[in-house]
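Visitor: Please take me through one part of this model in detail, the place where its two domains face each other, and then relate that part to the contacts elsewhere in the chain.

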Amino acid sequence: MGEEPRILGEALPFEEKIELKNWAGRHVGIESYFEYHRKTLENFEEFWLSVAKELDWFSPPSKAVEPGDYPYVYKWFPDGRINISYLALDRHVRSWRKNKVAYIWEGEPVDPDGRPKEVKKYTYYDLWREVNRVAYVLSRNFGLKKGDKIAIYLPMIPELPIFMLAAARLGIIFTVVFAGFTAENLATRINDLGATLLVTVDGFYRRGKVIRLKDVADRAIEKSPSIKNVIVVRRLGIDVNMVDGRDYWLDELLKGVPQNAYVEPERLESTHPLYVLYTSGTTGKPKGIIHDHGGYAVLLHATMKWVFDVRDDDIFYCTADIGWVTGHSYIVFGPLIEGLTTVFYEGVPDYPAPDRWWSMVERYGVTVFYTTPTAVRMLMRYGDEWVRKHDRSSLRLIHSVGEPINPSAWRWLFEVVGEKRCPVGSTWWMTETGGILISKAPGLALVPLKPGANGPPLPGVDADVVDEDGNPVEPGKKGFLVIKRPFPGMPAPPTGMWGDPQRYAQVYFERIKGKGYFYTGDYAVKDKDGYIWVLGRADEVLKVAGHRIGTYELESVLVSHKAVAEAAVVGIPDPVKGEVPIAYVVLKQGFEPSQQIIEELKEWVRKNYGPIAVPNNIFLVTKLPKTRSGKIMRRLVKAVATGAPLGDITTLEDEAAVDEVKKAYEEFVKAVKESRTA
Ligand code: WT7
């Protein structure tokens, strides 16, 4: 791990410090931040307990954390009683925020003059009423109760947060499946969770096109025997297949519900599962990460305050999709717990033109903006005039998330979008952590900015960069990012990973032996000031446009095609998406390499995994480099794909002799040269 650390090929400005003198807030030096940080770790339990006490508990916790029933599964605030739907809604409905706008929702379609055709505003009271009525349907019409499981397969429409909050209210465990996923992916998730009810939609708009989602859901249900009922939201009013006695339109169900229906929120144990969200790992099927009500709510509350510095007059806009964890935490639960006004939008950022987001910033007076590096790099390419033609003077804080941000994309956000007025950050976290753990915290104290850095760990978070044995590496050197102590928001009881406590322990805690550290799977550098810079994944997981894709999953999809004998997928750097997959495929005997087969395989991936995973290139080769024991030498495949020198590889490849690696490498290079590509 000796090479110069870079992000997307760009050198990292470890020494550069930008001070924003005129930013309204508390500014501190790095040393005083770390002094405070050290104190929070010294009084770890009291510290987190004091943060927890800021929330409304039915019965407040007396203890921060204790071990759960499986190794490395912890119970946060174990004796507290809470309900996140109560925190997000009821609390505000009882206050002056009752008629404050909670959501400003914008549909994708626009009029000929470019103005959005549909904008809906929900006050906290509106939202509370809708959530109660939907909770009423879930419990009265379908008999669902605490501990039952449902799947939600919805696009970015208001019913998505409404169903999440309604389920939470009753203690029903839900999984949201991203609406861009295929029937196959939906079925896998439903089956792993054992969901009995599916919520979906007739269809929705994406880049001006109609997506018929109910048709996809129907194909999944064929493979998901646990689903007894389907609730269908009418978004478009198109004709869809409805199965008698199984499928129900939401609007028809709601006709039977009193306008003022009230469903008492369950007084849940803090550790009660709120949701399970599936994410890709190195091997096997996607992992169902469990998040609880109490610990998760505490981390969200803390990070909304520290990282986003939220105030009651903020207009908060997180551009993620609610189908991913970012949307769960920072469109739904985080901003609602804080009683904010949040913008959310159905469609893509460049429809009808590349200024859609900036026009929303202008029209709604967005103050805090949270987005992704891939989107930034894409929008940069359209040119600055799309940004500059809109008034952005309302903006006061900008953060990015999902993948490392290269310094030049950071500078564009800072200089062009934020006009050098707004702190720009890169908040590090992952599906497993539930909320942000490493980031500048301007709401608490603003330290100098560094283009591309994540920043110091947040208070109460014990993060470090270590070697294989868990020993800290020197500043400036690349190592593995670990979290040395449990944190609220971490994978929750009963098993951390749904149905698989052994895999949970193995993947996250046994990779670095004997220390009990949470292994993130990321490479990182800590600079001399103590700022952490996450560089990218250290495992066989890709980050394509910020989305996590297991190379193993993608290989499985390819190998399930009738023509494919073997496949190896690796990621190569991409100037916009950060990383893209390419595949090397060995065909079965009897199949001739052709352009047509390549196109067929791309279509196969699109259908069976989703458009985000379609390889940029497929090479049809006659062999893959393997060890004597038959294992594909992945680093070697990667070296060939990226043009990295072989010298870097031999030292890393400990399973095979150097000669063997060299021979396999040469043969593979030859096979690739002779191959057909697309
Ligand atoms: C992985 C987690 C966190 C919500 C969205 C992604 C990468 C995430 C950053 C950042 C560098 C980042 C890491 C991490 N990542 N944020 N600010 N800087 N890398 O959640 O899909 O679970 O992916 O995303 O590699 O492990 P996720």
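Guide: Contact here means heavy atoms within 4.5 Å. The model is a predicted one, and by that rule 5 residues of domain 1 are in contact with 6 residues of domain 2. Domain 1 covers residues 120-266, while domain 2 covers residues 540-672, and the centres of domain 1 and domain 2, taken over C-alpha atoms, are separated by 38 Å.

Between them, domain 1 and domain 2 bury about 430 Å², and 53% of that area lies on carbon and sulfur atoms. Of the area that domain 1 buries against domain 2, 60% is supplied by Phe181, Thr182 and Asn185, which is more than any other three residues supply. The residues on the side of domain 1 that touches domain 2 divide into 1 nonpolar, 3 polar and 1 charged. Across the interface of domain 1 and domain 2, 2 residue pairs are found in polar contact, both at pLDDT 80 or more, whereas the count of salt bridges between domain 1 and domain 2 is 0.

Elsewhere the picture changes, for by the rule applied here the count comes to 48 salt bridges. In one of them, the side chains of Arg169 and Asp90 meet with N and O 2.9 Å apart. Because Arg169 lies in helix α5 (residues 159-170) and Asp90 in helix α3 (residues 84-93), this pair ties together parts that are 79 residues apart in sequence. Arg169 and Asp90 are both buried.

The helix that holds Asp90 deserves a closer look. Since 10 of the 10 residues of α3 are buried, α3 is largely enclosed by the rest of the structure. Its buried residues, among them Tyr86, Asp90, Arg91 and His92, pack against β5 (81-82), α4 (124-141), α5, β16 (273-279), α9 (294-306) and α10 (325-337). At the N-terminal end of α3, Asn83 acts as a cap, with a side-chain oxygen 2.8 Å from the backbone nitrogen of Ser85.

A second salt bridge joins Arg634 to Glu555, with the closest N and O atoms 2.5 Å apart. Here Arg634 belongs to helix α18 (residues 634-642) and Glu555 to helix α16 (residues 551-559), so that this pair, too, ties together parts 79 residues apart in sequence. Arg634 and Glu555 are both buried. Salt bridges that share partners also join Lys17, Lys450, Asp527 and Asp529 into one network.

A further pair, Arg311 and Asp309, forms a salt bridge in which the closest N and O atoms are 2.7 Å apart. In this pair Arg311 has 36% relative accessibility and therefore counts as partly exposed, whereas Asp309, at 10% relative accessibility, counts as buried.

One last position is Thr40, which is placed in helix α1 (residues 30-42). Thr40 has a relative accessible area of 2% and is therefore buried. If neighbours within four places in sequence are left aside, Thr40 is in contact with Phe47, Pro459 and Gly460.

To return to the part you asked about, the interface of domain 1 and domain 2 has 2 residue pairs in polar contact and 0 salt bridges, while Phe181, Thr182 and Asn185 supply 60% of the area that domain 1 buries there.

Note on methods:
Residues numbered from 1 in each chain as written. Predicted model: local features only at pLDDT ≥ 70, side-chain atom pairs only at ≥ 80, totals over all residues. Heavy atoms only, no water. Domains from an automatic or database assignment. Buried area = accessible area lost by both parts, 1.4 Å probe. Salt bridge = Lys/Arg side-chain N within 4 Å of Asp/Glu carboxyl O. Polar contact = N/O pair within 3.5 Å; in protein donor to acceptor, adjacent residues only side chain to side chain. Nonpolar A, V, L, I, M, F, W, Y, C, P; charged D, E, K, R; others polar. Helix = DSSP H or I, 4+ residues; strand = E, 2+ residues; numbered from the N terminus. Buried < 20%, exposed > 50% of the residue type's maximum accessible area, 1.4 Å probe, protein only.
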